[in-house]
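Please take a moment to look at the chain as a whole before turning to single residues. The paragraphs that follow lead from aromatic rings to the surface.

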Amino acid sequence: MDRAFQVDLRGMVDLLSHHLYGSPRVYLRELLQNAADAITARRAADPAAPALIRIEPPELTGDGTLRVHDTGIGLTEEQVHELLATIGRSSKRDVLGFGRHEFLGQFGIGLLSGFLVADEIRVLTRHGDGPTVRWTGHSDGRYSVEPAAGGEQRAEPGTTFILVPRRGAEQWVTTSTVTQLARHYGSLLPVTVRVGGEQTTVGAPPWQRRAGTAAERREELIRYAREQLGFTPFDVIDLAVPEAGLTGVAFVAPNPVNPAVRAGHRVYLKRMLLADNIDDLLPEWAFFAHCVVDATELRPTASREALYADSLLAATRDALGEQLRDWLVRLADEQPQRLYEFLQVHHLGVKALALHDDEMLRLVERWWPMETNTGPATLAEFRRRHGLIRYAATLDEYRQLAAVAAAQDLAVVNAGYTYDRELIERLPAVDRQILVERLEPTDLTTRFDAVDPATELALRPFVSAAQAALDRLGCEVVVRAYDPVSLPALYLVSRAALFADQLEAARERADELWGGVLDALAASGPPDRPQLVLNHRNPLVRRVTTLGDPELVRLAVEALYGQALLLGYHPIRPADAALLNNSFLGLLGRAVPDQENE
C-alpha cells in the first residue's frame with residue numbers, strides 16, 4: 001500500500017533557513033528580491049505605479065522590529081496561503097504572476113531566509129483595492145492568516161515584511177548593517193531603495209552608462225574598480241554575451257596573481273547581486289581578469305549564492321574567454337608595448353597556461369622575449385634568425401655554455417627559467433615546422449678545433465700526467481683550441497654521464513633491494529665520462545703544458561679542474577672540494593718560500 005511522506009515542517013524550515021544559505025547576511029537580499037519582483041509585477045499592469053522599497057531598522061520602528069515596505073502588487077488571502085504556506089508547490093506561480101522570466105526569484109521560498117535572524121516573521125499585504133491580510137509565521141513551522149487589525153491596514157497596494165529579531169541576532173538588523181547590506185546587494189536595482197532617509201540604489205550599472213566620451217567612461221569604470229574592488233586595473237575590457245543576457249566588464253589585475261587560484265567575480269542577476277566570489281565564470285587560464293557582470297538568462301543555484309552549472313554557463317564561459325583572447329590579440333596588433341607591459345606583470349601565469357593552451361603558447365612565442373646568448377629575443381624572432389631553436393635546459397647549463405657557444409657562432413636560448421623548457425619542447429606539437437633541439441654540452445667539442453698533429457704529439461706526456469691526476473674523479477682530459485681565448489678550461493658533462501653520477505649517488509644511499517635495482521639500471525654499459533677541455537689558445541694553459549715538474553703539473557691541472565667546476569656552476573662533490581683545497585694549498589706552498597729552511 002502506497003503511503004504519503006511525512007514532512008516535519010519545523011525541520012523543513014530549519015533546513016531551508018539555516019542550511020540552504022551560507023550566511024545570515026543574505027536575509028536582506030532575499031527580502032529585497034521579493035519586494036523588487038512584486039514591484040515588477042505591479043508595473044507590468046500599471047507602468048506608472050511607484051517603485052519604492054523602504055527599510056526601517058529597529059532604531060526607527062521603535063519596537064525592536066525590522067520592517068521592509070514595498071509598493072508592489074501585494075497578495076490576496078488566497079495567494080498568501082499559496083505562496084507563503086505551501087513549500088514545494090509551484091503549480092499556480094505563473095497564474096499568480098511570480099513564475100515569470102523577468103523576476104529575480106521565487107516569491108515565498110526566499111522569505112524563509114528571514115528565519116536566519118528572526119524567530120517570527122509577519123507579512124502585511126494588500127492587493128489592489130482588497131483588504132490588508134496579515135500572515136504570521138514562526139520558526140517552529142506554525143503560521144496563521146487573518147485580516148489585519150485597524151492599525152496595520154495599508155493605505156495602498158504592496159507588502160510590508162516585519163522581522164522580530166531573535167536573541168543574539170540583533171547585530172544583523174542595525175541601521176549600519178542594514179544600510180551596508182542594502183547597498184551591497186541592491187545598489188543596481190532598477191527601483192529606489194531607502195534605508196531610513198538614505199537612498200542606497202545608484203541606477204544603471206556603470207558599464208551601461210553611455211554618457212560622455214569613451215575616455216570619460218573608461219575613467220568612470222577605473223574609478224569604480226578602485227572604489228569597489230580595491231585596485232586600479234591595468235585595463236578595462238567590455239564583455240557581452242547576448243544569449244546569456246550578459247553585459248559587464250573585466251578588470252585586468254595590475255599585479256601578478258597566482259594562476260592556480262581562480263579569481264572570484266562579482267555577478268548580478270537581473271541587477272541583484274548574486275555573489276562576489278563566483279569562480280567559474282571565466283576559463284581557468286583567464287586568471288588575470290576580475291569580472292563584474294549582470295546577466296538575465298544565467299540560472300542561480302537554490303541558495304542564489306552560485307551559478308547553476310549548465311550548458312548555457314559553459315557556453316558563456318567560452319564566449320568570455322574568446323573576448324579576453326581577442327583583447328590580447330588587439331593589444332598585440334595595436335599596442336605591442338602595452339602587451340609587453342602586461343606580460344611583464346603576468347608572464348609567469350601566462351607561461352603556466354601556455355603549457356596546455358595552444359593560443360597562449362603562440363602568444364608567448366610571438367611576444368615574450370627570452371634570454372639568449374645573442375641578446376633578448378622572442379622565440380619567433382629567434383627562429384627567423386637561426387632556423388632552429390637550440391636551448392640550454394637549465395640555468396647552470398646556460399651560464400657555463402652561453403659565452404663558449406656564442407664564440408663558436410652557436411645561438412642558444414636560456415630555457416632554465418620557470419616553464420621555458422617545457423614551452424619550447426611543446427612548440428613542435430603546435431607547428432610541425434618548428435624545430436627545437438636541446439644543447440648537449442658535449443656537442444660543443446665538435447665545434448672546437450683540434451690542435452695540429454705535431455703539437456698533439458708533443459702534448460702527449462702532459463695529457464698523460466693530467467689524466468693520471470683526474471682519473472680518480474672519473475674525468476677525461478682533452479686539449480682543444482676554442483674561443484674565447486680568456487677561458488682556460490671547460491668542464492663538460494653529457495646527460496648520460498650526469499645520470500650515471502646521480503645513479504651512483506643514489507646507489508650509495510639505497511638499501512640492498514633498491515641497490516640491486518639501481519645496479520641493473522647501471523648495467524646497460526659504461527656512460528661517457530665528463531671531460532675537462534683545456535683551451536690551447538689560452539696562454540696560461542700553454543705555459544702549464546710546458547711544465548717539467550710532474551707534481552706542479554698535477555696541482556695546475558687540479559686547479560684548472562676546480563675553476564672549471566666553479567665557473568660552470570657544477571655541483572661540488574666532497575672529492576671535488578678536497579681536490580680544490582689541496583690544489584690551492586699546494587700551489588700556494590709553491591708560491592711562498594719556506595724561509596725557516598733557507
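Rings of Phe, Tyr and Trp, with the six-membered ring taken for Trp, count as a pair if their centres lie within 6.5 Å. With that in mind, and remembering that this is a predicted model, we can begin with the rings: a search of the whole structure finds 10 aromatic pairs. One of these joins Phe 234 and Phe 342, whose ring centres are 6.1 Å apart and whose planes stand at 50° to each other, an arrangement that is called tilted. Because Phe 234 belongs to the loop between helix H7 (214–228) and strand E9 (235–241), while Phe 342 belongs to helix H9 (residues 336–354), this pair ties together parts of the chain that are 108 residues apart in sequence.

Are these two rings buried or exposed? Phe 234 has a relative accessibility of 13% and so counts as buried, and Phe 342, at 1%, counts as buried as well, since the term applies under 20% relative accessible area.

Phe 342 also pairs with Phe 288, this time edge-to-face, with 5.0 Å from centre to centre and 80° between the planes. Here again distant parts of the chain are linked, for Phe 288 sits in the loop between strand E12 (272–278) and strand E13 (289–295), 54 residues away from Phe 342 in helix H9. Both Phe 288 and Phe 342 are buried. Taken together, Phe 234, Phe 288 and Phe 342 are among the members of one aromatic cluster, which also includes Trp 285, Phe 287 and Trp 327.

A ring can also have a charged side chain over its face, and Arg 338 lies in this way over Phe 234, at 4.0 Å from the ring centre. Elsewhere, Arg 399 lies over the face of Tyr 569, at 4.7 Å from the ring centre.

Helix H12 (residues 395–407) contains Ala 406, which counts as partly exposed because its relative accessibility is 37%. Although Ala 406 and Thr 372 are 34 residues apart in sequence, their C-alpha atoms are 9.6 Å apart in space.

Let us finish at the surface, where Phe 584, Leu 585, Leu 588 and Val 592 make a nonpolar patch of about 380 Å². Of these residues, Val 592 is found in the segment after helix H20 (574–591), and its relative accessible area of 49% is why Val 592 is described as partly exposed, given that exposed means over 50%.

Note on methods: Residues are numbered from 1 along each chain as its sequence is written. This is a predicted model: local features need pLDDT of at least 70, side-chain atom pairs count only at pLDDT 80 or more; totals for chains, interfaces and linings use all residues. Side-chain values use heavy atoms; hydrogens and water are left out. Patches are made of residues with over 30% relative accessible area and no salt bridge: like charges are joined within 9 Å, nonpolar side chains (Val, Leu, Ile, Met, Phe, Trp, Tyr) within 5 Å. Accessible areas come from the Shrake-Rupley method with a 1.4 Å probe; for residues, only the protein chains shown count as cover. A salt bridge is a side-chain nitrogen of Lys or Arg within 4 Å of a carboxyl oxygen of Asp or Glu. Helices (H or I, at least four residues) and strands (E, at least two) are DSSP runs, numbered from the N terminus. Buried means under 20% relative accessible area, exposed over 50%, partly exposed in between (1.4 Å probe, protein chains only). Rings of Phe, Tyr and Trp (its six-membered ring) pair if their centres lie within 6.5 Å; planes under 30 degrees apart count as stacked, over 60 as edge-to-face and the rest as tilted. A charge sits over a ring if NZ of Lys or CZ of Arg is within 6 Å of the ring centre and within 35 degrees of the ring normal.
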